[in-house]
Amino acid sequence: MSVFVILPAAGIGTRMASTGAAPKQFLTLKGIPLLLHSLRAFLAVPRVTAIYVAVRTSERARVAALIAEHNLGEKVHVVTGGDSRQDSVSRALAALPSTAENDIVLVHDAVRPLIDPTTIGRTIDSIQKHGAAIVGTPAIDTIKQVERTADGALITATIPRELIVHAQTPQGARVPLMRQAFSEAAADEFIGTDEASLLERAGIPVFVVQGHARNFKVTQPGDLEIAEFYLAG
Ligand code: C5P
């Protein structure tokens with residue numbers, strides 16, 4: 001069984017761009033780009049066969065240099081991403097070598113630098129057992145459903161929080177299941193914000209592996225300080 005990893009890293013980081021900062025996958029945490037933190041976590045898992053990093057064309061050389069500079073070896077490949085996260089993952093999926101029925105693909109946001117090898121291992125185990133799985137954390141706050149109004153939002157329901165999970169990454173499946181989910185989404189022109197939403201709509205059961213708050217997505221100004229706090233702890 002091979003385990004392939006896709007790291008979508010072709011975003012432009014619009015929410016962070018207000019600060020004039022680089023695309024967030026290249027921001028540094030403890031002097032190291034976020035992308036590199038994520039790569040190292042997956043390289044620390046011996047079951048990982050190869051990693052495909054999807055980047056913008058203009059950043060291919062920069063990422064190739066980063067990989068060479070940090071001696072990341074032959075497991076890491078660079079592919080060109082697309083206009084949406086889903087498009088970037090789809091292009092990387094197409095770049096995977098021909099795979100066996102039980103091979104696994106994991107997708108991890110490059111901008112979640114604090115993923116740990118143990119959680120990655122548990123996700124692989126769950127996919128081996130169930131076919132598809134993601135990392136998620138239970139809801140802590142009470143969850144409200146709202147209707148948008150001119151003044152903001154009006155509560156329409158309270159959703160029992162034990163039924164709510166915050167979806168993180170990695171998210172993965174056996175390769176044929178992931179390919180099926182992506183091709184059905186493309187046929188229907190469905191764009192999702194994660195892989196699970198594509199798997200779900202293809203009728204593929206997706207299990208949840210317990211994650212940790214520290215595996216958050218660096219998204220807005222201030223998030224780097226939170227990541228540094230977690231690293232210090
Ligand atoms: O934009 P969002 O926060 O959902 O991005 C999650 C991940 O997807 C980031 O690592 C980002 O670089 C990546 N992405 C991508 N291609 C895009 C947009 C986002 O690979 N076109």
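How many bridges join strand 7 (residues 132-138) to strand 10? The answer is given in the legend for View 3, where 6 bridges are reported.

**View 1. The whole chain.** This is a predicted model, in which local features need pLDDT of at least 70 and side-chain atom pairs count only at pLDDT 80 or more, while totals for chains, interfaces and linings use all residues. Residues are numbered from 1 along each chain as its sequence is written. The protein chain has 8 helices and 11 strands (DSSP runs numbered from the N terminus: helices are H or I with at least four residues, strands are E with at least two). The C-alpha trace spans about 50 × 40 × 35 Å along its principal axes. With 233 residues, a compact globule would have a radius of gyration near 17 Å, and the protein chain agrees with this because its value is 18 Å (taken over C-alpha atoms; the globule rule is 2.2 Å times the number of residues to the power 0.38). Buried residues make up 39% of the 233 residues (buried: 20 or more other C-beta atoms within 10 Å of the residue's own, with C-beta atoms placed from the backbone).

**View 2. The open sheet.** The sheet contains 7 strands in the order 5-4-1-6-10-7-11, with mixed pairing (two strands pair if DSSP finds at least two bridges between them). At its edges are strand 5 (76-80) and strand 11 (207-210), each pairing on one side only. Neighbouring strands are turned by 30° against each other on average, direction ignored (axes are lines fitted to C-alpha atoms, for helices over the stretch in contact, and angles run from 0 to 180 degrees between N-to-C directions).

**View 3. Strand 10 and its partners.** Strand 10 (residues 165-174) has 7 buried residues out of 10. Strand 7 runs antiparallel to strand 10, and 6 bridges join the two. Thr137 has His166 as its bridge partner in strand 10, and Ala132 has Ala173. Strand 6 (residues 104-107) is also antiparallel to strand 10, with 4 bridges. Here Val107 is partnered by Gln171, and Val105 by Ala173.

**View 4. Strand 6 between two faces.** In a regular strand the side chains alternate between the two faces of the sheet. In strand 6, Ile104 and Leu106 lie on one side, Val105 and Val107 on the other, and all are buried. Strand 1 (residues 3-8) pairs with strand 6 in the parallel sense over 4 bridges; one of these partnerships links Val5 to Leu106.

**View 5. Helices across the sheet.** Helix 6 (residues 175-188) lies across strand 6, strand 7 and strand 10, at about 115° to strand 10. Helix 2 (residues 34-43) lies across strand 1, strand 4 (48-55) and strand 5, at about 165° to strand 4. Contact means that the C-beta atoms of two residues, placed from the backbone, lie within 7 Å.

**View 6. Around the ligand.** Of the 17 residues around the ligand, Pro8, Ala10, Gly11, Ser88 and Ala110 come nearest (a residue is near a molecule if its C-beta atom, placed from the backbone, lies within 6 Å of it). The shell has 6 nonpolar, 7 polar and 4 charged residues (Ala, Val, Leu, Ile, Met, Phe, Trp, Tyr, Cys and Pro count as nonpolar, Asp, Glu, Lys and Arg as charged, and the others, Gly among them, as polar).

Terms used:
A residue is buried if 20 or more other C-beta atoms lie within 10 Å of its own, exposed if 12 or fewer, and partly exposed in between; C-beta atoms are placed from the backbone.
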